[in-house]
Amino acid sequence: MRGHMINRLVTLVVLSVFVCWGHTQAAEPGARPNIIFILTDDIGYGDLGCYGANCVKTPNLDRLAREGTRFTDAHATATVCTPTRYAFLTGRYAWRQPGTGIAPGDQPLLIKPGTATVASVLKSAGYRTGVVGKWHLGLGEPPKTDFNKELKPGPLELGFDYAFLIPATGDRVPCVFVENHRVVGYDPADPIQVSFGKRIGDAPTGADPGVNLKIKGGPGHKDSIVNGISRIGFMTGGKAAHWVDEDIADTLAAKAVKFIEASKGGPFFLYLSPHDIHEPMVPHPRFRGTSECGWRGDVIHQLDGTVGEVLASLDRLNLAASTLVIFTSDNGAAIKNTYDDGTNALHGRQPPNGKLRGSKGTLYEGGHRVPFLARWPGRIAPGGVSGQLMGHIDALATFAALTGQQLPADAGPDSFNALPALLGEKAAQPARDHLVLQNNGQTPLALREGDWALVEKGGRRPRAPGGPTYELYNLADDLVQATDLAAKETQRVRDMSVRLERIRQQGHSRVGAQIDSR
Ligand code: CA
């Protein structure tokens, strides 16, 4: 009897807490939340505490998991930066547009102005829109970006009201920030030139003997030296504008917080794209030695600090309850740094992609299955875990649905409305029954369908003599992709390869989306 009463009491307390939580924190029904989408760089499935990491501490990211839902089957649609970011912003698979592989530092804008983007859709819905961090989708007009001029078209021509950018990557020139249309700290007396291929300027490079470097660059990373680190590509001029790698995270966090503060009247959309943990991994001195995984772990701590700054600003401005925060990564973790930073030897302590096979640049799960955390108090269950199949490419249709926007017929041809799955609604059908994954170009691709993963091998063109060959895995009981079932499941391979080819040929994968001729 006593036990029974205690049980009832516990039930009542739990119910009251739930009701209080709902009343005090819930967003107004139909209210449109602020949206912060944090798309970080090269964080793997095993890199965060809330996904099982044990050599790092990620209290702020773990807080997001505790106060929101942790997704276990979410994917970047590509295994490298540029195509993932293209697909996220446009809702269109990047392999549909040749030339969207990893972009050089002087790449003109890869997305045609006028294309519907996550930013333009939310801007139409009355949101103030900003992007802070790594861009890597090109800037300016063909044939090559001129960093001495106004850098347009760029994000401001794609629906963003504000932009503060690393133009390409941390390991590429130019090593300068761009704010809206201009290089930050630009000096007309010291014009900027960049070159990918031909050496320019007289300064020593990472390939010259006897140069003093903070960390030694490996193959492809031995060109111009900026801040004691050799990069991909050559750069002259712009000395007053050079970034300091150790300060990049702080700079981006400060710009993100400033944007949030300036937009607090809402609604706002912030696409925050941290540099961490892409190489060169150069933590600020206050993070050095704080992890058990060398500088790689230290920059994970730095990334967690950036997320902490953002969450603290939402708390300070009383915006936490009215803001949807999503955190995810643009591809799986790299397991072989080209810089000699001593971290490659430490992966045994904490496998960057957890148990998953493969890594950045491979079509196995480790290349594209990534952490994905979503918090929206009162709308997304705290402490939830969801196994729904999710893709970053669904942001366009999902945010359109969230804000009551009708997508134009040719917008986001591969973007599905994943809102019910994101919110964890009980009756929700899966947002999608399939997802196409890519590497760095048009081929090879992989097709996920239910629990099955079909991975194209070999042939660059599927209709070339012999065509592609395939591997097939059943992720339901073989998440680590140890057993290739292609020879056993020939009919399934045939069916899935036909479906993949149809998706490839028809120009869209969402029913109702028009064939896109861009
Ligand atoms: Ca990346």
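Let me begin with a single residue, Phe37, which counts as buried at 2% relative accessibility. Please keep in mind throughout that what we are looking at is a predicted model.

Phe37 has a ring partner, Phe88, and Phe88 is buried as well, with a relative accessible area of 0%. The structure holds 15 aromatic pairs, and Phe37 and Phe88 form one that is stacked, with 4.3 Å from centre to centre and 20° between the planes. Because Phe37 lies in strand 1 while Phe88 lies in helix 3, which covers residues 81-90, this pair ties together parts of the chain that are 51 residues apart in sequence. The two rings also belong to a wider group, since ring pairs link Phe37, Phe88, Trp135, Phe160, Phe269, Tyr271 and Phe399 into a cluster.

I would like to set another aromatic pair beside it. The rings of Phe71 and Phe372 have centres 5.3 Å apart and planes at 85°, and the pair is therefore edge-to-face. Here too distant parts of the chain are linked, with Phe71 in strand 2, residues 69-75, and Phe372 in strand 13, residues 369-375, which puts them 301 residues apart. As for their surroundings, Phe71 is buried with a relative accessible area of 0%, and Phe372 counts as buried at 5% relative accessibility.

Strand 2 and strand 13 come up again when we turn to helix 2. The buried residues of this helix are Leu61, Arg63, Leu64 and Ala65, and they pack against strand 2, helix 6 (294-316), strand 12 and strand 13.

Let us move on to the metal site. Which residues supply the protein donors of the calcium ion? They are Asp41, Asp42 and Cys81, together with Asp330, which appears twice in the list, and Asn331, and these donors lie 2.2 to 2.6 Å from the ion. Along the chain, the donors follow the spacing D-D-x38-C-x248-D-N. Two of these residues, Asp41 and Asp330, link distant parts of the chain: Asp41 sits in the loop between strand 1 (34-40) and helix 2 (59-67), whereas Asp330 sits in the loop between strand 12 (323-329) and helix 7 (365-368), and they are 289 residues apart. Asp41 is buried, with a relative accessible area of 0%, and Asp330 is likewise buried at 0%. As to geometry, the angles among the six donor atoms run from 52 to 156°, and the site is classed as irregular. For reference, the ideal angles for six octahedral donors are 90 or 180 degrees.

The last region I want to walk through is an open sheet of four strands, in the order 16-17-18-19, with antiparallel pairing. Its edge strands are strand 16 (434-438) and strand 19 (469-474), each of which pairs on one side only. On average, neighbouring strands of this sheet are turned by 15° against each other, if direction is ignored.

Strand 16 deserves a closer look. It is joined to strand 17, residues 445-449, by five bridges, and the two strands run antiparallel. A hairpin of six residues makes the connection between strand 16 and strand 17. Within this pairing, Gln438 stands opposite Leu445, and the bridge partner of His434 is Glu449.

Is strand 16 mostly covered or mostly open? It is mostly covered, for five of its five residues are buried. His434, Val436 and Gln438 point one way from the strand, Leu435 and Leu437 point the other way, and all of them are buried.

Across this sheet lies helix 10, residues 490-506, which spans strand 16, strand 17, strand 18 (452-457) and strand 19, and which runs at about 115° to strand 17. In the loop between strand 19 and helix 10 we find Gln481, a residue that is buried, with a relative accessible area of 1%. What does Gln481 touch, leaving aside residues up to four places away in sequence? Its contacts are Arg357, Tyr364, Glu365, Ala453, Tyr473 and Leu475.

To close, I would return to where we started: Phe37, buried at 2% relative accessibility, is stacked on Phe88, and both rings are part of the aromatic cluster.

Technical notes. Residues are numbered from 1 along each chain as its sequence is written. This is a predicted model: local features need pLDDT of at least 70, side-chain atom pairs count only at pLDDT 80 or more; totals for chains, interfaces and linings use all residues. Side-chain values use heavy atoms; hydrogens and water are left out. Donors are N, O and S atoms within 2.8 Å of the metal (3.2 Å for Na, K and Ca); water is not among the atoms, so sites may look incomplete. Four donors count as tetrahedral if all angles lie between 85 and 135 degrees; four count as square planar and six as octahedral if opposite donors are over 155 degrees apart and all others between 65 and 115; anything else is irregular. Buried means under 20% relative accessible area, exposed over 50%, partly exposed in between (1.4 Å probe, protein chains only). Two strands pair if DSSP finds at least two bridges between them. Axes are lines fitted to C-alpha atoms, for helices over the stretch in contact, and angles run from 0 to 180 degrees between N-to-C directions. Contact means heavy atoms within 4.5 Å. Rings of Phe, Tyr and Trp (its six-membered ring) pair if their centres lie within 6.5 Å; planes under 30 degrees apart count as stacked, over 60 as edge-to-face and the rest as tilted.
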